[in-house]
Amino acid sequence: MSVFVSSETKMSPVIFKDRLPDFLYDHLLCLVFGIRILLESSLEADIEFAERLLGRYCSAVTDIFQTETAETINVHCLRHLAHQCRSY
């Protein structure tokens, strides 16, 4: 299962390139690359960049879905993922 999810995540920027409006595509890229950086690097500069990407992703969720409750606990946890990567 993890191989499928990993492959799916790596391919999503290619799959959705011309299928999403630009603002949604940019939103997707923030998530995909933020997660990917955290999986592949332990450099502090990279973790900080990933943290900014994931923060941008989370902040945009409310704007995209136009509701204050759009940032669910799952989305909110992304805000803390970089901190967890620093801890391990």
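Colleague: Let's start with one residue: is S12 buried or exposed?
Modeller: Keep in mind that this is a predicted model. S12 sits in helix 1, which covers residues 2-16. Its relative accessible area is 9%, and anything under 20% counts as buried. So the word for S12 is buried.

Colleague: Which residues does S12 touch, leaving aside those up to four places away in sequence?
Modeller: S12 belongs to helix 1, and we skip residues up to four places away in sequence. With those set aside, the partners of S12 are L28 and V32.

Colleague: Okay, zooming out, what pattern does the protein chain follow along the sequence?
Modeller: The protein chain has 5 helices and 0 strands. Reading along the sequence, then, you get α-α-α-α-α.

Colleague: What share of the 88 residues is buried?
Modeller: As for the outside, the accessible surface of the protein chain is about 6,300 Å². Carbon and sulfur atoms hold 60% of that surface. As for the inside, the buried share of the 88 residues is 28%.

Colleague: And among contacts with a separation of 6 or more, what share joins residues 24 or more positions apart?
Modeller: Here we look at contacts in the protein chain with a separation of 6 or more. The part that comes from residues 24 or more positions apart is 39%.

Colleague: At what angle do helix 2 and helix 3 pack?
Modeller: Two packed helices are described by the angle between their axes and the distance between the axes. Helix 2 spans residues 22-40 and helix 3 spans residues 44-65, with axes 8 Å apart. The angle between this pair is about 145 degrees.

Colleague: How many nonpolar, polar and charged residues make up the contact of helix 2 with helix 3?
Modeller: The crossing of these two helices is left-handed. Helix 2 brings residues including F23, L31, G34 and L38, while helix 3 brings residues including D46, A50, R56 and Y57. Sorted by class, the contact has 17 nonpolar, 2 polar and 2 charged residues.

Colleague: Let's look at A50: which residues does it touch, not counting those up to four places away in sequence?
Modeller: A50 is in helix 3, and its relative accessibility of 0% makes it buried. Its C-alpha atom is 8.9 Å from that of L31, 19 residues apart along the chain. Leaving out residues up to four places away, A50 touches G34, I37 and L38.

Colleague: Which element gives the most to the largest nonpolar core?
Modeller: That core has 14 residues, and L38, Y57, C58, V61 and V75 touch the most other members. The elements giving two or more residues to this core are helix 2, helix 3 and helix 4 (73-78). The top giver, with 7 residues, is helix 3.

Colleague: V75 is on that list, so why does it count as buried?
Modeller: V75 is in helix 4. Setting aside residues up to four places away, V75 touches Y57, C58 and V61. The cut-off for buried is under 20% relative accessible area. V75 counts as buried because its value is 13%.

Colleague: How far apart in space are V75 and L54, C-alpha to C-alpha?
Modeller: In sequence, V75 and L54 are 21 residues apart. In space, C-alpha to C-alpha, the distance between V75 and L54 is 9.3 Å.

Colleague: What does C58 touch, again not counting residues up to four places away in sequence?
Modeller: C58 is one of the core members that touch the most other members. Without residues up to four places away in sequence, the contacts of C58 are E71, V75, L78 and R79.

Colleague: Which residues does T62 touch, on that footing of not counting residues up to four places away in sequence?
Modeller: T62 is placed in helix 3. At 18% relative accessibility, T62 counts as buried. Beyond residues up to four places away, T62 touches T67, E68, A70 and E71.

Colleague: Last one: where does A70 lie?
Modeller: A70 counts as buried, at 14% relative accessibility. Apart from residues up to four places away in sequence, A70 touches V61, T62 and F65. A70 and A60 are 10 residues apart in sequence and 9.7 Å apart in space, C-alpha to C-alpha. As for its place, A70 is in the loop between helix 3 and helix 4.

Methods
Residues numbered from 1 in each chain as written. Predicted model: local features only at pLDDT ≥ 70, side-chain atom pairs only at ≥ 80, totals over all residues. Heavy atoms only, no water. Helix = DSSP H or I, 4+ residues; strand = E, 2+ residues; numbered from the N terminus. Buried < 20%, exposed > 50% of the residue type's maximum accessible area, 1.4 Å probe, protein only. Contact = heavy atoms within 4.5 Å. Areas by Shrake-Rupley, 256 points an atom, 1.4 Å probe, with all protein chains shown as cover. Axes fitted to C-alpha atoms, helices over the stretch in contact; angles between N-to-C directions. Left-handed = near helix turned anticlockwise from the far one by under 90°. Nonpolar A, V, L, I, M, F, W, Y, C, P; charged D, E, K, R; others polar. Core = buried A, V, L, I, M, F, W, Y, C linked by side-chain atoms within 4.5 Å.
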